[in-house]
Amino acid sequence: MLHIGFCIRGLCGNFADSMIDNTTFGTRKALFHTFGCKLNFAETSTVARILADRGIIRAQRGETPDIVVVNTCSVTELADKKCRQTIRAFARRFPQAAIVVTGCYAQLKPDEVQTLPGVAVVAGADRKLRLAEYIDSWLATGTPVTDVIPGKDIREFSPSCSKGDRTRWFLKVQDGCDYFCSYCTIPFARGRSRSATIAQIESQARDAAAGGAKEIVLTGVNVGDFGKGTSETFFDLIRRLDTIEGVSRYRISSIEPNLLTEEIIDWVAQSRSFMPHFHIPLQAGSDEVLRLMRRHYDTALFRSRVEHIRKVMPHAFIGVDLIVGARGETPELFSDSAAFVESLPVSRLHVFPYSERPGTRALSIDGIVPQEERHLRSRHMIDISERKLAEFTSRFVDTVRPVLVEHSVSADGMMHGFTDNYLKVALPADPSLANTIVNVRLAEAPASDPHADLSATVAL
């Protein structure tokens, strides 16, 4: 349902009047700001394209926007806080701009978002592709608009395939989640699991290829759940995409370990275009904590998936998500988790301190870990991650690997890109290499900066 709200903090003043006086969209400029996951970035790019088709163009650096679109995240309380701070900052910086807020934070806390300064439109997580009509309403009336339906009622799949300002394209294949892990609000923010059809996804991928896409990242909330409730599966999807000419690379974004089957792993190992790169959420290396989290696997299954990847693709990059300090994670269970992670042949950890989320089952679990202890545990896991990444990276120094070179040139005169197995490299700028795949020889990163990209030169 579309709700027309009251006028917030004088928003129906000079800016609204000027918008009503001149409805030629070609004079409007929009600034876009995205929080969170790759799926959000893909959807923001699609929104920008829809608005551009209506004459609302992207504001360039230094220009003052008429509209600010903020695509929010709500995975943690810190994410909510950053969203609020950013919206307020935009309101101070661009007091005449209409601020449009969408995404998970807008979905979960629309009443709170409505009260923030400068907000003209609040749109739920499934309403992003309707932002143009809400902006139309604002332009015509100057009255704030809110359109948010309960997460349990979200059923529509909104397609998205775009590259934005990036070399890689992001193709949304799935949305929503039916898992309801005890710590997570995503099912409430994104709704139930739903997908496009393989035919629809294939058509979008072919269009991307015609638009110059060399690499496509398959995104979603729970991509391995693609096709749930239909006769199609994620395995069917990736086999079909592998046949599309013009796309040299695909990457699978985060995929649940129970949905990453050995059949999929074996197929990726011999596929034409799917890269040796996996991102698998572990969340905890303790079976007891996994049980409290209501995850759908145990550590034995997770280990089997990682070891199978290493067996058939020794060079594969394996990234792992990890939550530390969850309710019920005693010091002993954290030690078990750290030991398990140490023993895994993975490439990198993405570590998140546990965040309390209203409305989640986790709030009924005893054993709160103090905030300071959560940060100490995060630091411990990050130290493990840095060692593992250094070990993995060192294996490829003085080897030759294919790199997709990105368009931009950094201030130091370097271009950047990723190898097939997701090592980020820097090489001397040569604009003719942009959006091409070249073989490069990898060298050590500067010893003074362990986080720096690997140096690389084009292999002759």
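In which sense do strand E19 and strand E21 pair, and over how many bridges? In this predicted model, strand E19 (residues 424-428) runs parallel to its partner, strand E21 (residues 454-458), and 2 bridges connect them. One of the contacts can be picked out by eye: Val425 has Leu454 in E21 as its bridge partner. In general, strands of a sheet are held together by backbone hydrogen bonds, and the pairing can be parallel or antiparallel. Here the pair belongs to a barrel that 5 strands close, in the order E17-E18-E19-E21-E20, with mixed pairing. Going from one strand to the next, the twist averages 50°.

Just ahead of strand E17 (400-409), in the loop that follows H14, sits Asp398. Its phi is near 70°, which is a positive value in a residue that is not glycine. As background, most residues other than glycine have a negative phi. Asp398 counts as exposed because its relative accessibility is 53%, and the cut-off for that label is over 50%. Arg294 does a similar thing with its backbone: phi is positive, about 65°, although the residue is not a glycine. This arginine is found in the loop between helix H11 (287-293) and H12, and at 38% relative accessibility Arg294 is partly exposed. Helix H12 itself covers residues 299-312 and includes Val312. That valine is partly exposed too, at 30% relative accessibility. For a sense of scale, Val312 and Glu112 sit 200 residues apart in sequence, and their C-alpha atoms are 50 Å apart in space.

Next come the charged side chains. Side chains of opposite charge can pair up when their charged atoms come close. Searching the whole structure turns up 36 salt bridges. One of them joins the side chains of Asp80 and Arg357, with 3.0 Å from N to O. Asp80 belongs to helix H3 (residues 77-93), while Arg357 is in the loop between strand E16 (348-353) and helix H14 (371-394), so this salt bridge ties together parts that are 277 residues apart in sequence. Both Asp80 and Arg357 are buried.

What about Arg327 and Glu356, and how far apart are their closest N and O atoms? These two form a salt bridge as well, and the distance is 3.0 Å. The pair links distant parts of the chain, 29 residues apart: Arg327 is in the loop between strand E15 (317-324) and helix H13 (331-343), and Glu356 is in the loop between E16 and H14. Arg327 counts as buried because its relative accessibility is 13%, and the limit for buried is under 20%. Glu356, on the other hand, is partly exposed at 24%.

A local example makes a nice contrast. Asp236 and Arg239 meet in a salt bridge with an N to O distance of 2.8 Å. Both are in helix H9 (residues 234-241), and being 3 residues apart there, they are separated by about one helical turn. Asp236 is partly exposed at 26% relative accessibility, and Arg239 is also partly exposed, with a relative accessible area of 38%.

Now for the empty spaces. Rolling a probe the size of a water molecule over the atoms shows where such space is left. The count comes to 2 cavities of 30 Å³ or more. The largest cavity has a volume of about 70 Å³. Its lining is made up of 13 residues, and Glu43, Ala125, Lys128, Ser158 and Lys172 are the closest to its centre. Sorted by class, that lining holds 3 nonpolar, 2 polar and 8 charged residues. Some of these names come back in the salt bridges: Glu43, Lys128 and Lys172 are among the members of one network, built from salt bridges that share partners, which also takes in Asp175, Arg190 and Arg194.

The second largest cavity, at about 50 Å³, has a lining with 8 nonpolar, 1 polar and 1 charged residues. Among those that line it are Ser182, Tyr183, Met293 and Arg327, and Arg327 is the partner of Glu356 in the salt bridge described above.

Finally, there are pockets to look at. The second largest pocket has a volume of about 390 Å³. Of the 12 residues lining this pocket, Leu31, Phe32, Ala59, Gln60 and Arg61 lie nearest its centre. Strand E2 (residues 29-34) supplies the largest share of the lining, 3 residues. By class, the pocket lining divides into 5 nonpolar, 2 polar and 5 charged residues.

Notes
Residues are numbered from 1 along each chain as its sequence is written. This is a predicted model: local features need pLDDT of at least 70, side-chain atom pairs count only at pLDDT 80 or more; totals for chains, interfaces and linings use all residues. Side-chain values use heavy atoms; hydrogens and water are left out. On a 1 Å grid over the protein atoms alone, a cavity is a set of points where a 1.4 Å probe fits but cannot get out, and a pocket is an open set with protein on both sides within 12 Å along at least five of seven lines; lining residues have an atom within 4 Å of a point. Grid points are joined across faces, edges and corners, and a volume is the space filled by probe spheres set on the points. Ala, Val, Leu, Ile, Met, Phe, Trp, Tyr, Cys and Pro count as nonpolar, Asp, Glu, Lys and Arg as charged, and the others, Gly among them, as polar. Two strands pair if DSSP finds at least two bridges between them. Helices (H or I, at least four residues) and strands (E, at least two) are DSSP runs, numbered from the N terminus. Axes are lines fitted to C-alpha atoms, for helices over the stretch in contact, and angles run from 0 to 180 degrees between N-to-C directions. A salt bridge is a side-chain nitrogen of Lys or Arg within 4 Å of a carboxyl oxygen of Asp or Glu. Buried means under 20% relative accessible area, exposed over 50%, partly exposed in between (1.4 Å probe, protein chains only).
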